[in-house]
2 protein chains.
Amino acid sequence: MTSSAPQVLLVEDEPQMRRFLRVALESSGYRYLEAPTGEEGLTLAVQFRPDVILLDLGLPDMDGLDLMTRLREWSQIPVIVISARGQETDKVGALDVGADDYLTKPFGTSELLARIRVALRHAEPGAVENPLFVLGRWRVDLAKRQVLVAGQEVHLTPLEYRLFTTLIHHAGRVVTHRQLLKEVWGGVAGAQPLYLRVYMAQLRHKLEEDPSRPRYLQTEPGVGYRLRTED
Amino acid sequence: MTSSAPQVLLVEDEPQMRRFLRVALESSGYRYLEAPTGEEGLTLAVQFRPDVILLDLGLPDMDGLDLMTRLREWSQIPVIVISARGQETDKVGALDVGADDYLTKPFGTSELLARIRVALRHAEPGAVENPLFVLGRWRVDLAKRQVLVAGQEVHLTPLEYRLFTTLIHHAGRVVTHRQLLKEVWGGVAGAQPLYLRVYMAQLRHKLEEDPSRPRYLQTEPGVGYRLRTED
DNA sequence: TGAAGTCCTAACGCCTTCTTAACACCCTTC
DNA sequence: GAAGGGTGTTAAGAAGGCGTTAGGACTTCA
């Protein structure tokens with residue numbers, strides 16, 4: 001799974017259908033690949049590993065079900081069948097050899113796009129990667145809500161953690177006192193700049209190697225604080 | 001996830017439709033549950049954790065999309081919408097709030113069954129994952145619903161077990177009080193944080209070596225709980 | 001009808017976390 | 001060199017969250 005826009009492969013022999021879908025998909029922000037025959041479709045699937053495949057069953061060179069079977073020998077890429085044949089036996093056959101959805105022509109663009117989103121959603125679980133923030137000896141797993149310093153877990157209280165992650169979100173930039181108070185204390189009246197000094201001291205004590213000479217949690221006098229990132 | 005036949009929950013208000021589908025599903029070997037209203041549907045989903053949900057959008061007591069939304073707050077159980085409304089906006093709406101498929105009435109039984117098989121296939125990756133969860137002296141067989149501590153079987157009540165497996169599903173990361181209450185008690189009004197304290201204490205007594213100093217079932221004060229995994 | 005098991009609820013004491021205050025320190029400015 | 005604003009540090013009280021226990025209500029099964 002790439003970090004850029006999802007890629008859709010269309011396997012379809014009718015040129016006008018290709019043109020129509022290409023416009024629809026590209027204008028929706030997807031990267032687009034197309035193949036007019038089954039063989040080419042398989043080749044492109046191998047080569048580019050698209051995120052979704054749209055497959056017309058009525059191909060000239062090979063049976064759509066055979067293509068499905070050959071694809072499923074090595075890949076679980078979601079396949080949405082688009083076909084002129086609306087017979088129930090066709091649908092059941094395609095779904096049972098591994099297709100993930102079946103749309104009968106004619107169909108609406110928005111429905112197709114919605115079903116593509118469903119297919120992408122299904123593939124997602126494999127793409128669940130932890131957003132890791134690494135800086136020096138620090139290692140912050142935002143999904144786990146876990147902070148490691150030199151491999152050692154460090155416990156932060158809710159406020160400490162929120163203050164820290166707020167600085168991480170603006171890493172490298174100065175965050176003003178006012179903004180920190182708003183984002184951490186939620187704009188509650190009574191939140192004072194004193195709080196920041198206290199909690200910054202606690203964070204430094206827990207995270208910095210030499211709390212009296214902070215390397216990363218830096219003060220910008222009169223303005224706010226900044227999480228310094230290495231260059 | 002049980003090792004026996006997959007269980008299907010049908011949420012549908014028309015009695016004749018229920019009767020029809022019940023026959024179709026049971027004769028295909030599925031275990032069968034039904035609910036005539038949305039509220040009952042949610043309750044049964046919480047209680048029995050079916051493998052697939054068939055949802056009629058035209059329910060008398062609540063909007064089908066609301067039901068979808070509430071379900072998706074705590075569960076990824078695949079949902080196949082069956083609806084008399086064939087408008088594209090209906091389909092897109094349902095699919096985008098988390099439905100996995102959309103069938104327009106009238107539909108054929110064999111197509112429905114094929115789409116159920118697709119839905120079950122999608123859920124599989126989660127079940128293909130080692131049904132054995134091992135951590136320290138613990139050994140949890142999610143299929144058998146069996147918990148061993150140092151080789152000795154330990155009996156957990158249904159709620160204890162559900163709380164425990166919820167933490168296992170999110171192993172390593174903090175699960176908030178709210179999320180635990182939702183996933184274990186099903187978002188039923190009245191579920192209080194107090195429940196969590198009581199049941200966490202019971203789990204620790206049954207599972208931890210030194211319940212007063214839990215090694216794995218850890219508290220994140222002010223946030224939630226976390227099943228600590230070794231690195 | 002009793003017994004066992006489970007779930008909910010209340011009460012109490014402990015512990016973490018938050019808040020607040022007091023004071024020391026640095027730097028700039030006069 | 002003194003004054004003053006901004007900042008760092010520490011500690012202690014207050015508030016709230018948490019763990020624990022026990023008892024009652026409810027269901028299930030014999």
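This is a conversation about a predicted model, covering DNA strand C and parts of chain A.

Colleague: Which residues come nearest to DNA strand C?

Modeller: There are 19 residues around the strand, and those that come nearest are T157(A), Y195(A), H155(B), T157(B) and Y195(B).

Colleague: Which helices supply residues to that surface?

Modeller: In chain A, α6 (158-169) and α8 (193-207) each supply at least two residues of the surface near DNA strand C, and α6 (158-169) and α8 (193-207) of chain B do so as well.

Colleague: What is the split between nonpolar, polar and charged residues there?

Modeller: The surface near DNA strand C has 15 nonpolar residues, 4 polar ones and no charged ones.

Colleague: And what part of the DNA lies within 4 Å of the protein, sugar or phosphate, or bases?

Modeller: Of the atoms of DNA strand C within 4 Å of the protein, sugar or phosphate accounts for 80%, and bases make up the rest.

Colleague: How many Å separate a phosphate oxygen from the side chain of T157(B)?

Modeller: An N or O atom in the side chain of T157(B) is 2.5 Å from a phosphate oxygen of DNA strand C. For W185(A), the corresponding distance to a phosphate oxygen is 3.0 Å, and for a polar side-chain atom of W185(B) it is 3.2 Å.

Colleague: Changing topic, what is the strand order in the sheet of chain A?

Modeller: The open sheet has 4 strands, ordered β6-β7-β8-β9, with antiparallel pairing. Its edge strands are β6 (132-135) and β9 (152-154), each pairing on one side only.

Colleague: How many bridges join β6(A) to β7?

Modeller: 4 bridges join β6(A) to β7 (residues 138-141) of chain A. L135(A) stands opposite W138(A) in β7(A).

Methods: Residues are numbered from 1 along each chain as its sequence is written. Chains are lettered from A and ligands numbered from 1 in the order in which they are written. This is a predicted model: local features need pLDDT of at least 70, side-chain atom pairs count only at pLDDT 80 or more; totals for chains, interfaces and linings use all residues. Side-chain values use heavy atoms; hydrogens and water are left out. A residue is near a molecule or strand if one of its heavy atoms lies within 4 Å of it. A polar contact is a pair of N or O atoms within 3.5 Å; within protein, one must be able to donate a hydrogen and the other to accept it, and residues adjacent in sequence count only if both atoms are side-chain atoms. Ala, Val, Leu, Ile, Met, Phe, Trp, Tyr, Cys and Pro count as nonpolar, Asp, Glu, Lys and Arg as charged, and the others, Gly among them, as polar. Two strands pair if DSSP finds at least two bridges between them.
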